[in-house]
Amino acid sequence: MTSYPAPARYGTSSPDRKPDSSGVGVRILALFLGIAVAILAVTAVVLVKTADDARDEAALAAGSSAQNGSSSGFQSFAGKMGGNAEELALARPATPAELPPIPVGDVVKVKLTVKDQIVEIAPGVKYRIWSFAGTGVPGPVIHVREGQIVEVTITNGGSIPHSIDFHAARIAPNEAFRDAMPGESFTYRFVASDPGVFMYHCGTKPVLAHIANGMYGAIVVDPAKPLPKADREYVLVGSEFYLDRSGVDEPANLDMTKSRAVTPDWATFNGYASQYVTHPLPAKPGETVRFYVVAAGPSVDVRFHIVGTIFDRAWPNQDLSRFQTGVQTVAVPAGGGAIFDVKIDDPGLYPIVNHAFAYADLGQVGLLKVGNPKGGSTH
Ligand SMILES: [Cu+2]
């Protein structure tokens, strides 16, 4: 049987090892160790300092993000309003959200004269838009019935080429959606063959800029076989804005870099941040309220949700062949539309939000005021 020698214990000197007879060696070793420790200590201090700086920067960014709604590194003007923001918001009448009636006749004539305009998109925040009809942003809501002919005349009263692309049309876009030069006017027709709620917008390059500058709107095509009866019908067009300055002292223009990075300063329903918080959309208890929602973007979806209730019916992507029931939130994609029915019995203030809350925070929020409730809203 072979036996192995027990291993030398740690710290005990092996009898084979030459005892360190030179005290000088020990001292040199100690010196080196000392220097190494000092270097490590200095490095540690530097690292801690760097980490602190990074943490400070992160905190700063987070702080400005909370205030400005962006941590992208772009300068954000989110939340920067005129001094008397509350008064300004109250004094400005809300953009009408009610669905307008359907014009009679087989042909519905839609005449749009594009115009450069300065509008307010939030209290005291001015922005230079390219307006589809000289009536601000979004363009007018168009309401027709399935089977009607829509005759569109676009007149370009602006300073650069523009066009109009209807998502409700089945038509060769190179003809119908072509550019109208400044001063030019032309007409095309399409049959409203597909019911639902659709976006229309300028399709001139760069489309991102033309949509970001306010060239969009909604067209509602009622189905030939009507939807279940609704007591009230509202149209909400979601969109976001990218500002090159605050817009408080002088009107802002589009910041194309921010729009490419999808770092908006403001998000709205019907072109003005939080306008239906200041001026809630009314309903009576027990009424069926229908919402036609379009996400115009240019790039942000609307995750449509009403706080405190559940949609009784939802037609995602305006597929009217069926509806979903008991739905909490539906994503309306940028460039898409959806229809929602809600019936609320209890009086109260029910927040209407983009449940991607970054955008609610930037102004894509409103209130449905059912009855005459007491107290303020929660969101
Ligand atoms: Cu345009």
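The exercises below treat a predicted model and work through one sheet and one residue. Residues are numbered from 1 along each chain as its sequence is written. In this predicted model, local features need pLDDT of at least 70 and side-chain atom pairs count only at pLDDT 80 or more, while totals for chains, interfaces and linings use all residues.

**Exercise 1.** Determine which strands form the edges of the open sheet of five strands.

*Solution.* Start from the definition of a strand, a DSSP run of E with at least two residues, numbered from the N terminus, and of pairing, for which DSSP must find at least two bridges between two strands. The order of the sheet is S11-S18-S17-S13-S15, with mixed pairing. The edge strands are therefore S11 (281-283) and S15 (329-332), since each pairs on one side only. Within this sheet, S17 (residues 348-354) and S18 (residues 365-370) pair in the antiparallel sense over six bridges, and Gly-348 has Val-370 in S18 as its bridge partner.

**Exercise 2.** Decide whether Lys-343 is buried, partly exposed or exposed.

*Solution.* First locate Lys-343, which lies in strand S16 (residues 337-343). Next recall that a residue is buried if 20 or more other C-beta atoms, placed from the backbone, lie within 10 Å of its own, exposed if 12 or fewer do, and partly exposed in between. Because Lys-343 has 18 other C-beta atoms within 10 Å, it is partly exposed.

**Exercise 3.** List the residues that Lys-343 touches, not counting residues up to four places away in sequence.

*Solution.* Contact requires C-beta atoms, placed from the backbone, within 7 Å. On this basis Lys-343 touches Gly-286, Glu-287, Thr-288 and Asp-312.

Notes
Helices (H or I, at least four residues) and strands (E, at least two) are DSSP runs, numbered from the N terminus. Two residues are in contact if their C-beta atoms, placed from the backbone, lie within 7 Å.
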